[in-house]
Amino acid sequence: MKNSNIYSPAYENFPNCSVPSEDEAHDMTSNKNDASDEMESSCSFQRHVSHVLTNDEVTALLKQKNKYKWEMPAVDIPKSKWVGTGENMQGAPDDPFVDVKGKLRDHWQNTLSDNLNSRLRFFSLCNSYRDIMHCNKKPFYLKGSKVDSSTMDAYIMHALSHVHRTRDVVIKNDAKLRNDANTDILDDNLYRDQGFTRPKVLFLLPLKSIARRVVKRLIQLSPLTQKDNAMGLFKKEFDESDDEEETENSSKPADFNLLFAGDVEDHFLFGIKYTKKSVKLYSNFYASDIIVASPLALKLKIDGGEDVKKKGHAKENDSDFLSSIEIVVVDHADVISMQNWSHLHSVLEQLNQLPSKEHVANVMRIRPWYLDQHARYYRQTIVLSSYLTPEMNALFNGSCSNYEGKVKLVTEFTGVLPKIQLEVRQVYERFDASSVGESDDARFDYFCTRVYPKIQESDEGGVLLFVSSYFEYIRMSNFLKSQDASFCRIGEATSQPDISRARLWFFEGQKKILLYSERSHFFHRYKIRGGHHLVVYSLPGRKDFYPELVNMLGESPNPKCNVLFSPLDILKLERIVGTSSARRLISSDKSMFVFC
């Protein structure tokens, strides 16, 4: 079968799009020198996309368990190391840019200058095309802007390199096919260079202010001659204020002010398209190279909710533009966990599905592993967070199946107990839970039988009852109601008048118990007054919240603190009391421990 259409439809004609510009037309006839820049077979990109998995290899991938067989030092990350599956990595290569195109390399060297080396380590890790879990990243709002920017630059550089490599392969093959119209595409896998649709990179971010940081940097790191036009609508939609400027004279902690200084809307979704000389924001999804979205907005798009909102009626779901995503970056996953984690899980499950209809792709040019429905085994997922949760572990183990393997950061923690500013006896009480499924009920039973009766018998009020999840908040609220307890509550959905009323009642002693959720503390960072006894029903995921809660007892003449935990809480526990202490608390024959 001879090829009757030698051009690449995925990079030439787009549905519902305007006629290609001069830049785009020039892309299709890019000069020989740029085309010949394409990588050798040893290039990590070419090696990754050229390998065709056999059915036996896929079966082995489905059966294998995540056994981390090797480790290497995590340079510049204290008390940490990288562990991985698959082939052993020997650290960064002598020339991490060996696989990077000349224009990109030159631009990065000029732009980053002295800061280049700090980016190369994580860039080399990304360039291995393995799934990555980095859950000890110091974010910009925790005074770690340099470290955060270094990691962000690295994954942006990797995404740009991948997009340029992908486009240049298509352009090079288009040129070859134009020069030889008799070439039979099916006789040579070299020309099978595309997916079902054009978008190849997906950035999943929690807030508009964070998306603004990423996109600004993406444009700065792009070697383009025309950049100014790209920022017009973006500046209007995403604000021009400095999202890292700390609010002066604020009673809130500095990290809160930095994180929530900019636009905190969690609903955004747009495409970014690259041509030879320019970058275009808000491009049609099927004409885009990169998709930037919040999990909420993308979930609504997948479900058709956007069309209901705009037009008042449901429309057929259109998520085919996610069918050929090859790199996913989930940045600030810890912030996403404070929104709705299920949205992120739903989005990842929707990636790399067979499209519901054709999108002008030349079927003869589609890579074989797309047609075999093996695309999810080629997708690289990079998860970045300031701390690790069981939900992140479950997502990384269950939704990330890259055939190249996995890399994960492991850290020894020193704990945050020294941040407690007052002398208070902290009693840690361990209860047994044989499985994750039984943990919630075991915790609840322990509280009801061992902790609440003591609260009920005491005449003293000022009991600050902290819970980390919404499920626990609802369950505990229902329990206290059933006991006709004197309590008030502050959750993420509590109205401002009710919050003010609850804080006043608790401070004045009109209510004995204040039920307080971690999400409410995350989004508002209230300083609760009137507390004498802190009961931590479940430890906070954010380690710095623990000393903040304990320090709220500073006005009490006799402060007390009780903490409930099980062996399944090890991730939270080690961040708060330190890794070595956490292991002792988990393995000891005793079930009660005291920190002073």
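**Exercise 1. Find out what encloses helix α22, and which of its residues are buried.**

Solution. Start with the cover: the buried residues of α22 are covered by elements including α16 (390–399), β11 (425–430), α21 (545–551), β16 (560–565), α23 (579–587) and β17 (592–595). Contact here means heavy atoms within 4.5 Å. Helices (H or I, at least four residues) and strands (E, at least two) are DSSP runs, numbered from the N terminus.

A word on the model before going on: it is predicted, so local features need pLDDT of at least 70 and side-chain atom pairs count only at pLDDT 80 or more, while totals for chains, interfaces and linings use all residues. Residues are numbered from 1 along each chain as its sequence is written, and side-chain values use heavy atoms, with hydrogens and water left out.

Next, list the buried residues, where buried means under 20% relative accessible area, exposed over 50% and partly exposed in between (1.4 Å probe, protein chains only). They are Leu571, Leu573, Glu574, Arg575, Ile576 and Val577. That makes six of the eight residues of α22 (residues 570–577), so the helix is largely enclosed by the rest of the structure. Finally, look just past its end: Gly578 follows α22 with a positive phi, near 100°.

**Exercise 2. Work out the strand order of the open sheet of 10 strands and find its edges.**

Solution. Two strands pair if DSSP finds at least two bridges between them. Following the pairs gives β1-β2-β10-β3-β9-β8-β4-β7-β5-β6, with mixed pairing. At the edges stand β1 (70–73) and β6, each with a single partner strand, so one side of each is left without a neighbour in the sheet.

Now add the geometry. Axes are lines fitted to C-alpha atoms, for helices over the stretch in contact, and angles run from 0 to 180 degrees between N-to-C directions. With direction ignored, neighbouring strands of this sheet are turned by 20° against each other on average.

Zoom in on one pair: β2 (residues 80–84) and β10 (residues 406–411) run antiparallel and are joined by five bridges. Within β10, Leu409 is the residue opposite Trp82. As a last step, place the helix that packs on the sheet: α8 (residues 208–220) touches β4 (201–204), β5, β6 and β7, and its direction makes about 5° with that of β5.

**Exercise 3. Classify the aromatic pairs Phe260–Phe522 and Phe285–Phe321.**

Solution. Rings of Phe, Tyr and Trp (its six-membered ring) pair if their centres lie within 6.5 Å; planes under 30 degrees apart count as stacked, over 60 as edge-to-face and the rest as tilted. The structure holds 25 such pairs. For Phe260 and Phe522, the centres are 5.6 Å apart and the planes stand at 70°, so the pair is edge-to-face. Phe260 lies in the loop between α10 (254–259) and β5 (269–274) and Phe522 in helix α20 (residues 518–524), so the pair ties together parts 262 residues apart in sequence. Both Phe260 and Phe522 are buried.

Phe285 and Phe321, by contrast, are stacked, at 4.7 Å centre to centre with 20° between the planes. Check their surroundings too: Phe285 is buried at a relative accessible area of 18%, and Phe321 is buried at 0%.
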